Amino acid sequence: QLQASGGGLVQAGGSLRLSCATSGNILIMNYMGWYRQAPGKQRESVASITRSDMTIVADSVKGRFAISRDNDKNTVYLQMNSLKPEDTAVYYCKARSDNGWNYWGQGTQVTVSS
């Protein structure tokens, strides 16, 4: 199971850090990522990190968002800086195990006011 947290209301230019905690050993997941879905839009990938710490960040947030992982805490983070109103969305974390199973967290709302 995945538990996402850290969302909230912030003014444009502000920062938030999202957390995604796994119920088990995070290292059994070969991939973890953050996605977001704004009203009326499709869910899109924001950032991802592999077991070997390879990261990918979407062009729309590059230079502002960063993904990281704390294996001791079984948690993945999404640090979001210089937030813009267009970053407003529900943010979801996703994990994929070695056998190909995908797991999704419940989502956390991020609202950026102008």
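Guide: A residue counts as buried when its relative accessible area is under 20%, as exposed when that area is over 50%, and as partly exposed in between. The model discussed here is predicted.

Visitor: Why is Tyr35 called buried or exposed, whichever applies?

Guide: Tyr35 has a relative accessibility of 13%. The limit for a buried residue is under 20%, so Tyr35 counts as buried.

Visitor: How do you know which class Trp104 belongs to?

Guide: The relative accessible area of Trp104 is 37%. Exposed would require over 50% and buried under 20%; Trp104 is therefore partly exposed.

Visitor: How many aromatic pairs does the structure hold?

Guide: There are 2 aromatic pairs in the structure. In one of them, the ring centres of Tyr35 and Trp104 are 5.0 Å apart and the planes stand at 65°. Centres must lie within 6.5 Å for rings to pair, and planes over 60 degrees apart count as edge-to-face, so the pair of Tyr35 and Trp104 is edge-to-face.

Visitor: What makes the pair of Tyr35 and Trp104 a tie between parts of the chain?

Guide: Tyr35 belongs to strand S4 (residues 29-37) and Trp104 to strand S10 (residues 102-104), so the pair ties together parts that are 69 residues apart in sequence.

Visitor: Why is the pair of Tyr92 and Trp104 called stacked, tilted or edge-to-face, whichever applies?

Guide: The planes of Tyr92 and Trp104 meet at 85°, and the ring centres are 6.5 Å apart. An angle over 60 degrees counts as edge-to-face, so this pair is edge-to-face. Tyr92 lies in strand S9 (residues 89-97) and Trp104 in strand S10, so the pair ties together parts 12 residues apart in sequence. Tyr92 has a relative accessibility of 15% and therefore counts as buried. Ring pairs link Tyr35, Tyr92 and Trp104 into a cluster.

Visitor: Which charged end sits over the ring of Trp104?

Guide: The charged end of Arg43 sits over the ring of Trp104, 4.7 Å from the ring centre. Arg43 also lies over the face of Tyr92, at 3.8 Å from the ring centre.

Visitor: What makes up the largest nonpolar core?

Guide: The largest nonpolar core has 29 residues, and those with the most contacts inside it include Trp34, Phe65, Leu78 and Tyr91. Among the elements that give two or more residues to this core are S4, S5, S7 and S9. S9 gives the most, with 4 residues. Leu78 touches, among others, Trp34, Val46, Phe65 and Tyr91. In soluble globular proteins, nonpolar side chains tend to be buried together.

Visitor: How do you know whether Arg69 is buried or exposed?

Guide: Arg69, in strand S7 (residues 65-70), has a relative accessible area of 17%. Buried means under 20%, so Arg69 is buried. A polar atom of the Arg69 side chain lies 2.7 Å from the backbone oxygen of Thr50. The side chains of Arg69 and Asn71 are joined by a polar contact of 2.7 Å.

Visitor: Why is Met54 called buried or exposed, whichever applies?

Guide: Met54 has a relative accessible area of 54%. The limit for an exposed residue is over 50%, so Met54 is exposed. Met54 is found in the loop between strand S5 (44-50) and strand S6 (55-57). Leaving aside neighbours within four places in sequence, Met54 is in contact with Ser48 and Ile49.

Conventions. Residues numbered from 1 in each chain as written. Predicted model: local features only at pLDDT ≥ 70, side-chain atom pairs only at ≥ 80, totals over all residues. Heavy atoms only, no water. Buried < 20%, exposed > 50% of the residue type's maximum accessible area, 1.4 Å probe, protein only. Polar contact = N/O pair within 3.5 Å; in protein donor to acceptor, adjacent residues only side chain to side chain. Contact = heavy atoms within 4.5 Å. Phe/Tyr/Trp six-rings, centres within 6.5 Å; stacked < 30°, edge-to-face > 60°. Lys NZ or Arg CZ within 6 Å of the ring centre and 35° of its normal. Core = buried A, V, L, I, M, F, W, Y, C linked by side-chain atoms within 4.5 Å.
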